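Biologist: I would like to learn how to read pockets, a sheet and helix packing from coordinates. Could we take them one at a time?

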Amino acid sequence: MKKIMTLFIVGLLIIVAGCSGDSADGSGGVTLKLAHTGSDTHQYQIASEKFKELVEEKSNGQVTIEIHGNATLGSEGEAVQQVMDGTLDMTTVAAGSAFANTVPSFKVFGIPYLFKDREHVYSVLDGKIGDDLLSKVDEHGMKGLGWWEVGFRHLTNSRGPIKKPEDVDGLKIRVQPTAVWEEHMKALGATPTPIAFNELYSALDQGVVDGQENPLATINSMKFYEVQEYVALTAHAYTPAVVVMGNNAWKKLNEDQQKAVQSAVNETRDYIRQTLKEKDEKIINKLKEKGVTVTRPDRQAFREATKNVKEAVSEQVPSELIKRIKNQE
């Protein structure tokens, strides 16, 4: 009997030791699963790899990151739901896309020409306005950790060059699954068609839609240039990638580990911004080499054509928030 009790106690100790890596007080190592929908060369992946490197270094290996890209764990909307459910630890998604259906104020990122340039964007996101928006995430079972970058968005299509708003009229354009993007395309005379990002390439290839809108880095990394002959540099909206973690996952970390994660998110933000800034002109040259026609449309005409889109989100996006962003220097 004594021998049996000894074996029983040893077994318990082994079980406890094995569970310590996921302990509530963070006394052992923790592995966090981070999912995204981008390709192996997408902005999400570039940022995720840098984040993994930084957080593992800053935590002395106590926090490790498992990256699940290419939508292997689901669409952006599904990833967000999994984070809220606690079945996924963290994700990075386009702030103004499906995520905005969960946190309505994020629809502000679909308002055309709200941001003047990168400097304007960063002064907003890195200041009080950005912090206030991240605090809205906390109301939905998640913690908003920060902002990475997707970039300024441009129009592509397979029908013809776009130089003015009238050139968009009649095109069937894929939009992100939230109302502000549908109104955006309607204002240009296009037919908006919501399609999940991970299904977009095949939809373009099969002619389900004529075109789409995304940043240059996305057009390049997802190889949309293979099925889109025309790119118009409209820069009609800026999309940040919001980085979120489930509350349960955050609580698994001790204070030092939480600091390591937050610090790594912030450093990754600066890294991905600089990386993408350096890529833009190179991508334009690459597109031209691939036979893509690149145009620089009259942005003022596009701004005028879409000036009333903000009315479509007036119930979800306070006018005061729009005013604060416009006045931010």
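Modeller: We can start with a pocket: the second largest one has a volume of about 210 Å³. This is a predicted model, so local features need pLDDT of at least 70 and side-chain atom pairs count only at pLDDT 80 or more, while totals for chains, interfaces and linings use all residues. Residues are numbered from 1 along each chain as its sequence is written, and side-chain values use heavy atoms, with hydrogens and water left out.

Biologist: What counts as a pocket or a cavity, and how is a volume obtained?

Modeller: Rolling a probe the size of a water molecule over the atoms shows where empty space is left. On a 1 Å grid over the protein atoms alone, a cavity is a set of points where a 1.4 Å probe fits but cannot get out; a pocket is an open set with protein on both sides within 12 Å along at least five of seven lines, and lining residues have an atom within 4 Å of a point. Points are joined across faces, edges and corners, and the volume is the space filled by probe spheres set on them.

Biologist: Which residues lie nearest the centre of the second largest pocket?

Modeller: Glu76, Ser97, Arg174, Gln176 and Phe197 do, out of 19 lining residues. The classes in that lining are eight nonpolar, eight polar and three charged (nonpolar: Ala, Val, Leu, Ile, Met, Phe, Trp, Tyr, Cys and Pro; charged: Asp, Glu, Lys and Arg; polar: the others, Gly among them).

Biologist: What is the volume of the largest pocket, and how is its lining divided by class?

Modeller: Its volume is about 400 Å³. The lining has seven nonpolar residues, one polar and nine charged. Of the 17 lining residues, Arg118, Phe152, His154, Ala235 and Arg299 lie nearest the centre. Helices α5 (118–125), α11 (255–289) and α12 (299–305) each supply at least two residues; helices (H or I, at least four residues) and strands (E, at least two) are DSSP runs, numbered from the N terminus. The largest share, three residues, comes from α11.

Biologist: How many cavities of 30 Å³ or more are there?

Modeller: The count comes to one, with a volume of about 70 Å³. Arg118, Phe152 and His154 are among its lining residues, as are Leu276 and Asp280. Elements giving two or more residues to this lining are β4, α9 (216–221) and α11, and β4 gives the largest share, four residues. Six lining residues are nonpolar, two polar and three charged.

Biologist: Now the sheet. What is the strand order?

Modeller: Strands of a sheet pair through backbone hydrogen bonds, either parallel or antiparallel. Here two strands pair if DSSP finds at least two bridges between them. The open sheet has five strands in the order β2-β1-β3-β10-β4, with mixed pairing. Because β2 (63–68) and β4 (142–152) stand at the edges with a single partner strand each, one side of each is left without a neighbour in the sheet. The twist averages 20 degrees from one strand to the next (axes are lines fitted to C-alpha atoms, for helices over the stretch in contact, and angles run from 0 to 180 degrees between N-to-C directions).

Biologist: In which sense do β3 and β10 pair?

Modeller: β3 (90–94) and β10 (238–246) pair in the antiparallel sense over five bridges, and Met90 stands opposite Met245 in β10. Helix α3 (76–85) packs on the sheet, touching β3, β4 and β10 (contact means heavy atoms within 4.5 Å). The direction of α3 makes about 145 degrees with that of β3. Helix α11 also packs on the sheet, touching β1 (30–35), β2, β4 and β10, at about 10 degrees to β4.

Biologist: At what angle do α2 and α11 cross?

Modeller: The axes of α2 (43–58) and α11 cross at roughly 145 degrees and come within 8 Å. Residues of α2 including Ile46, Phe51 and Leu54 meet residues of α11 including Val261, Tyr271 and Leu276. That contact has 12 nonpolar, three polar and four charged residues.
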